[in-house]
Amino acid sequence: MDPVPQTRPPTAPALRRAPVQQRSAERLARILDACATLLDETGYERLSTRAVAVRAGVPIGSVYRFFGNKRAMVAALALRNLDRYAERVSERLAVTPPLDAYGAIDGVLDEFIAMKRTVPGFALVDFGVPAAAPGEVSGGTAGGDGGPGDDAGAGGDAGPRGDGRSGDDAGPDGGTGSGDDADPRDEVEDPNRLVAERICGLLAAHLGRPADEELHRKVLVGVETADALVRLAFRADPAGDPALVDETRLLLHAYLGPSLS
């Protein structure tokens, strides 16, 4: 059976510059990988673009080439997570023989649980950016990232532009990663609605039914409910409390199963 088609192309993070060359794309991937690993080690508030650059083995200017601040970087990671989650669900639904409605629901939930357990940074940042820390604006704290290792570029780390970056690596707007660089695209708008949109399209295609308004509404309710219960399960147990995961599965079966069938 062919893989279930995506409902739209992979989500493009709101980058200052999209990578054109393979080397640039690989560098961007290293930056996001480092960001994910550091989220597990330090949490969001103590994350800084400078620490990510060090972990990724790239100049700080390379981070600012793609992102104005850490919030934009984490938003890009969240969107990459969404694309990878949709890919995993699509592969799960592509098995032979085709899954019925309840098997499809299990696939959607199981892949989310598996990513929570195994994907770096996913436990903290799945598909959305954590709430802003006190004093942090949506685009980042003025003058830096609001965490240790301030990214304002002060002192000996300043590049020729005086902002912590070399002229070659500076973004097209010449920004410094301060609050002035805030861009509404840095945020992942209503992440659960984005997840529901992707899942709705995948389920509809797999089960051969229209992705109509009713299905969108029911999948959104299911996503919101599952998100809350899975968070509860992982607060109770770092690996996800099995009893709470089972309760989540039963609830989704009872609510979504009849509609999908």
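Is Arg-231 buried, partly exposed or exposed? Keep that in mind as you go through these close-ups of a predicted model; the last legend settles it.

**View 1. The whole protein is built from helices, eight of them, with zero strands.** Follow the chain from start to end and you read α-α-α-α-α-α-α-α. Of the 261 residues, 48% count as buried. Now take the contacts between residues at least 6 apart in sequence: 74% of those join residues at least 24 apart. The remaining views zoom in on particular spots.

**View 2. The loop between α1 (22–42) and α2 (49–56) holds Tyr-44 and Leu-47.** Are these two loop residues buried or exposed? Leu-47 has a relative accessibility of 1%, so it counts as buried. Tyr-44 counts as buried too, because its relative accessibility is 5%, and the cut-off for buried is under 20%. Each has a partner from elsewhere along the chain to look for. For Leu-47, try Val-74: the two are 27 residues apart in sequence, and their C-alpha atoms are 9.7 Å apart in space. For Tyr-44, try Val-125, which is 81 residues away along the chain, with 8.7 Å between the C-alpha atoms.

**View 3. Helix α2 has buried residues, and they line one face.** The ones to find are Thr-49, Arg-50, Val-52, Ala-53 and Ala-56. Why can we say that they line one face? Look down the axis of α2: the buried residues fall within an arc of 160 degrees, so they sit along one face of the helix. What covers them includes α1, α3 (60–66) and α4 (70–93). Just after α2 comes Gly-57, which has a positive phi, near 70 degrees.

**View 4. Helices α1 and α4 pack at an angle of about 95 degrees.** Two packed helices are described by the angle between their axes and the distance between the axes. Here the axes are 10 Å apart. The angle makes α1 roughly perpendicular to α4, because angles of 65 to 115 degrees count that way. On the α1 side, the residues that meet α4 are Ala-29, Ile-31, Leu-32, Asp-33, Cys-35, Ala-36 and Leu-39. They meet Met-73, Val-74, Ala-76, Leu-77 and Arg-80 of α4. You've already come across Val-74, as the partner of Leu-47 in View 2.

**View 5. A cis peptide bond joins Thr-96 and Pro-97.** Where along the chain is Pro-97? Look in the loop between α4 and α5. The omega angle of this bond is about 0 degrees.

**View 6. The largest nonpolar core has 36 residues.** Which of its members touch the most other members? Those are Tyr-85, Ile-199, Leu-203 and Val-219. Five helices each supply at least two residues of this core: α4, α5 (101–118), α6 (191–207), α7 (213–236) and α8 (242–260). A second, separate core has 29 residues, including Leu-15, Ala-36, Phe-67 and Val-129. Back to Val-219: leaving out residues up to four places away in sequence, Val-219 touches Ala-196, Ile-199, Cys-200, Leu-203 and Leu-256.

**View 7. Helices α6 and α7 cross at about 125 degrees, with their axes 9 Å apart.** The two helices are therefore oblique to each other. Their crossing is right-handed. From α6, the contact is made by residues including Asn-192, Val-195, Ala-196, Ile-199 and Leu-203. From α7, Leu-215, His-216, Val-219, Leu-220 and Val-223 are among them.

**View 8. Helices α5 and α8 cross at roughly 140 degrees.** Their axes come within 9 Å. This pair is oblique as well, because roughly antiparallel takes an angle over 145 degrees. The crossing of α5 and α8 is right-handed. Residues of α5 in this contact include Tyr-102, Ile-105, Leu-109 and Ile-113. Among the α8 residues they meet are Val-245, Leu-252, His-253 and Leu-256. Leu-256 also appeared in View 6, touching Val-219.

**View 9. Arg-231 sits in helix α7.** Here's the answer to the opening question: Arg-231 is partly exposed, because its relative accessible area is 35%, between the 20% limit for buried and the 50% limit for exposed. Val-245 is 14 residues away from Arg-231 in sequence, and their C-alpha atoms are 9.9 Å apart in space.

Methods:
Residues are numbered from 1 along each chain as its sequence is written. This is a predicted model: local features need pLDDT of at least 70, side-chain atom pairs count only at pLDDT 80 or more; totals for chains, interfaces and linings use all residues. Side-chain values use heavy atoms; hydrogens and water are left out. Helices (H or I, at least four residues) and strands (E, at least two) are DSSP runs, numbered from the N terminus. Buried means under 20% relative accessible area, exposed over 50%, partly exposed in between (1.4 Å probe, protein chains only). The arc is that of the directions from the helix axis to the C-beta atoms. Contact means heavy atoms within 4.5 Å. A nonpolar core is a set of buried Ala, Val, Leu, Ile, Met, Phe, Trp, Tyr and Cys residues joined through side-chain atoms within 4.5 Å. Axes are lines fitted to C-alpha atoms, for helices over the stretch in contact, and angles run from 0 to 180 degrees between N-to-C directions. Angles under 35 degrees count as roughly parallel, over 145 as roughly antiparallel, 65 to 115 as roughly perpendicular and the rest as oblique. A crossing is left-handed if the near helix is turned anticlockwise from the far one by less than a right angle, and right-handed if clockwise.
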